[in-house]
Amino acid sequence: MTERTSQLPTFFALTFALAWLAWGLAHPDVQRALGISILPGLLIGLGTAVPSTVALAMAVRQGTVGPLLARLGHWRIHPGWYVAAILGPAALMLTAMAVHVLLGGTAPPYPPLSRWPWVAFNFVAVLLVGGPLGEELGWRGLALPVLRDRLGLLAAALVLGIVWAVWHLPLFLLPGSPQSELSFVWFALQAVGLSLVLALIYEGTGYSLLLPVLLHASVNTFAGPLRVLPSVAGSERPFLLTVLLAWMAAGLLAVLTRR
């Protein structure tokens, strides 16, 4: 077992243990039982930042933090990749809603135009303090390259997508979290499809971590205002259609990047 491969069990163990501890402490029943009062949002944010924090700590210990951060700062990429990463998820969600309407569903009311500048602000906030920056240095920065060396890119992305989905499990038990209103099976299918897309973008951009961070932020930002979550869509179908379209996007990217 190479030194890089031996990092993986440690990374996964720490990432699961620390994040699940934070998310467990965020649950109201756990706080009542322990007699503590900590803002759940703070604990959720701390748990979400665990993958990148663990990856950075391991990189510092091994003297590889420079190359890891260099991949995050790798920005000289064809503009088309930026368009795909930032606007692609929004286009996918709008397409899902359009298909939902064509199948007889009803589109929920969208925010007025005056509110959309706040979506751009929220994108930056999600990128900095939400999942994208807090996760991608770990999942795509550390875990994916190691798995890719052993399994190949697509198999590595599939395995990592399953691990990524399971890592979110405590959030399905946490009242008020986005995951609490979703079926874990459909969420897992979305996570695996998104993992494929992120891996293909990472590979296609010459191992840039910046683009996966931007795409991850776009997915998290647009899901609310574009009304694909069941609680605001009034139906599960738009979300299920986004899952299907994510897999189709992964297939298209696989063909394009091979060419």
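In the predicted model, Glu136 has a relative accessibility of 0% and therefore counts as buried, since the term applies to values under 20%. Its partner in a salt bridge is Arg140, with a distance of 2.7 Å from N to O. Arg140 is likewise assigned a relative accessible area of 0% and is buried. The two residues stand 4 residues apart in helix α8, so that about one helical turn separates them. Side chains of opposite charge can pair when their charged atoms come close.

A search of the whole structure identified 4 salt bridges. One of them joins the side chains of Glu203 and Arg148, where the N to O distance is 3.3 Å. Glu203 belongs to helix α10, which covers residues 184–204, whereas Arg148 belongs to helix α8; the pair therefore ties together parts that are 55 residues apart in sequence. The partners also fall into separate classes of accessibility: Glu203, at 29%, is partly exposed, while Arg148, at 18%, is buried. The value for Arg148 lies under the 20% limit that defines a buried residue. Asp149 enters the description here as well, because Arg148, Asp149 and Glu203 are linked in a network of salt bridges, a salt bridge being a side-chain nitrogen of Lys or Arg within 4 Å of a carboxyl oxygen of Asp or Glu.

A further salt bridge is formed by Arg32 and Asp29, whose closest N and O atoms are 2.2 Å apart. Both residues lie in helix α2, which comprises residues 28–34, and they are 3 residues apart, about one turn of the helix. Arg32 is exposed, with a relative accessible area of 59%. Asp29, for which the relative accessible area is 45%, is partly exposed.

The second largest pocket encloses about 210 Å³ of space. Its lining consists of 12 residues, of which Gln7, Thr64, Arg71, Gly141 and Leu142 are the closest to the centre. Four helices each contribute at least two residues to this lining, namely α1 (3–26), α4 (50–62), α5 (65–72) and α8 (131–151). The greatest contribution comes from α8, which supplies 4 residues. When the lining of this pocket is sorted by class, 6 residues are nonpolar, 4 are polar and 2 are charged.

Helix α1 also contains Thr15. This residue is buried, with a relative accessible area of 0%. If neighbours within four places in sequence are set aside, Thr15 is in contact with Val50, Pro51, Val54, Trp139 and Trp167.

Ala107, by contrast in setting, is placed in the loop between α6 (79–102) and α7 (116–129). With a relative accessible area of 36%, Ala107 is partly exposed, as this value falls between the 20% and 50% limits. Ala107 touches Met97 and Val101 when residues up to four places away in sequence are not counted. For Ala107 and Met97, which are 10 residues apart along the chain, the C-alpha atoms are separated by 6.7 Å.

Technical notes
Residues are numbered from 1 along each chain as its sequence is written. This is a predicted model: local features need pLDDT of at least 70, side-chain atom pairs count only at pLDDT 80 or more; totals for chains, interfaces and linings use all residues. Side-chain values use heavy atoms; hydrogens and water are left out. On a 1 Å grid over the protein atoms alone, a cavity is a set of points where a 1.4 Å probe fits but cannot get out, and a pocket is an open set with protein on both sides within 12 Å along at least five of seven lines; lining residues have an atom within 4 Å of a point. Grid points are joined across faces, edges and corners, and a volume is the space filled by probe spheres set on the points. Ala, Val, Leu, Ile, Met, Phe, Trp, Tyr, Cys and Pro count as nonpolar, Asp, Glu, Lys and Arg as charged, and the others, Gly among them, as polar. Buried means under 20% relative accessible area, exposed over 50%, partly exposed in between (1.4 Å probe, protein chains only). Contact means heavy atoms within 4.5 Å.
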